[in-house]
Amino acid sequence: MTSTANTISLSLPTTHNPSSLSKPKSLPDFYLRFRNQNPKLTRVGISVTNPNNRIRTLSTIRASTASVMEASSKEKALPTIVEVDLGNRSYPIYIGSGLLDQPELLQRHVHGKRVLVVTNSTVAPLYLDKVVDALTRGNPNVSVDSVILPDGEKYKNMETLMKVFDKAIESRLDRRCTFVALGGGVIGDMCGFAAASFLRGVNFIQIPTTVMAQVDSSVGGKTGINHPLGKNLIGAFYQPQCVLIDTDTLNTLPDRELASGLAEVIKYGLIRDAVFFEWQEKNMAALMARDPSAMAYAIKRSCENKAEVVSLDEKESGLRATLNLGHTFGHAIETGFGYGVWLHGEAVAAGMVMAVDMSYRLGWIDDLLVKRVLNILQQAKLPTAPPDTITVEMFKSVMAVDKKVADGLLRLILLKGSLGNCVFTGDYDRKALDDTLRAFCKS
């Protein structure tokens, strides 16, 4: 079947050289901004194909990775900074060890004198006091309130969101206040949506404490909550003032949560960054062992990839949708199996395998790439198939209300060509989708 849906294809040649990280010993320090006065230019080729005409545009992303080792030994190590370039709504992503001990990083982005920290019952005992201290140290004019939500994907709903509004209203916060999200993707999504909605929009800051949130959900301004019929169907695009990634927070992250986040890291390599994927194949054991240098590089490179795409397509008109490889299948798994039973990254991993299988059935990739995807996901201890209880009909019913459906047509992100290339399209043989669903489901 042929459709008239637009097809977005993405190919990104990269110039970074991560080979020096093969035997990391300590956290690296970089300073990176896309808008540098004396940058080295990295050309990013984005090809956009429309059935009615063919257009090739070339965007230039300016990047510099100049060392900041000139800082005296008495100074704290400066963080890596990746900037999300959105004009007057641009903001920095700070990445590094011990950043919560550098209060000036947070305080420069606080507007007004009132702050509301939104966190959960797992993260609060670990980091809430440290964040409050970072917000108020040497800054007596700022007062901080907090709201502690229950932990888990199943609480990412309207009822829990109301607890944030209740606290904000009870505390008489005004439009000059700042919301701070302290936690994983669920907290970041809910706090961001609350900030977008409270008094029609207040400032907010992201402090992600999981790999999943650090490499993906905290960057780009997607906020929202789940509905019983579908994941993330209610929300808004709303950008933070900054994202502060203190890699030390990963020291308390459970192994399962660590692996879940690595699913999104793997995704970046598959869809747009072949060199990064090859680095992951060589360094997955180091990532699983939480090697600090390997983890810092994986977070940095993931954020760079996400920032580049968001800067070009903030509200997912086409290009940004490519970041959702495996997510349409994965969201159906989460919705059908029950929110929180599988972690988001676990569902995405199985979804990526299904997307890769479908890409192979269409003849768009070779069997070697299929094997490489299975191998790296297995190294990361991630699922490579959906739960046995998910049926073909459950997949189809949930996928029918996916956000990427347009005019009744389900558009998917699929791999096409060599490693690092993908398409976002509704122009595919429906039989391939049916065959993939039947291959992975018992009924």
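# From M288 to the helices and strands around it

M288 touches L258, L262, Q379, A380 and K381, leaving aside residues up to four places away in sequence. This residue belongs to helix α7, which covers residues 274-288, and the model in which it is seen here is a predicted one. Although 33 residues separate M288 from D255 in sequence, their C-alpha atoms lie 8.2 Å apart in space. Is M288 buried, or is it partly exposed? Because buried means under 20% relative accessible area, and M288 has a relative accessibility of 22%, M288 counts as partly exposed.

One of the residues touched by M288 is L258, and L258 also takes part in a contact between two helices, α6 and α8. Two packed helices are described by the angle between their axes and the distance between the axes. Helix α6 spans residues 255-272 and helix α8 spans residues 292-312, and their axes come within 10 Å of each other while crossing at roughly 55 degrees. The two helices, α6 and α8, are therefore oblique to each other, since angles of 65 to 115 degrees would count as roughly perpendicular and those under 35 degrees as roughly parallel. The crossing of α6 and α8 is, in addition, left-handed. On the α6 side the contact is made by L258, V265, Y268 and R272, while α8 brings M295, A298, S302, N305, K306, E308 and V309 to it. Sorted by class, the residues in this contact of α6 with α8 are six nonpolar, two polar and three charged.

Further along the chain comes helix α9, made up of residues 327-337, which is mostly covered, with nine of its 11 residues buried. The buried residues of α9 are H327, T328, F329, G330, H331, A332, I333, E334 and T335. Just after α9 stands G338, which takes a positive phi of about 110 degrees.

The strands offer another covered element, for strand β9, residues 203-208, has six of its six residues buried. Which residues of β9 point one way, and which the other way? N203, I205 and I207 point to one side of β9, whereas F204, Q206 and P208 point to the other, and all of them are buried. Strand β9 pairs in the parallel sense with strand β8, residues 178-183, over six bridges, and within this pairing G183 stands opposite P208 of β9.

Conventions
Residues are numbered from 1 along each chain as its sequence is written. This is a predicted model: local features need pLDDT of at least 70, side-chain atom pairs count only at pLDDT 80 or more; totals for chains, interfaces and linings use all residues. Side-chain values use heavy atoms; hydrogens and water are left out. Axes are lines fitted to C-alpha atoms, for helices over the stretch in contact, and angles run from 0 to 180 degrees between N-to-C directions. Helices (H or I, at least four residues) and strands (E, at least two) are DSSP runs, numbered from the N terminus. Angles under 35 degrees count as roughly parallel, over 145 as roughly antiparallel, 65 to 115 as roughly perpendicular and the rest as oblique. A crossing is left-handed if the near helix is turned anticlockwise from the far one by less than a right angle, and right-handed if clockwise. Contact means heavy atoms within 4.5 Å. Ala, Val, Leu, Ile, Met, Phe, Trp, Tyr, Cys and Pro count as nonpolar, Asp, Glu, Lys and Arg as charged, and the others, Gly among them, as polar. Buried means under 20% relative accessible area, exposed over 50%, partly exposed in between (1.4 Å probe, protein chains only). Two strands pair if DSSP finds at least two bridges between them.
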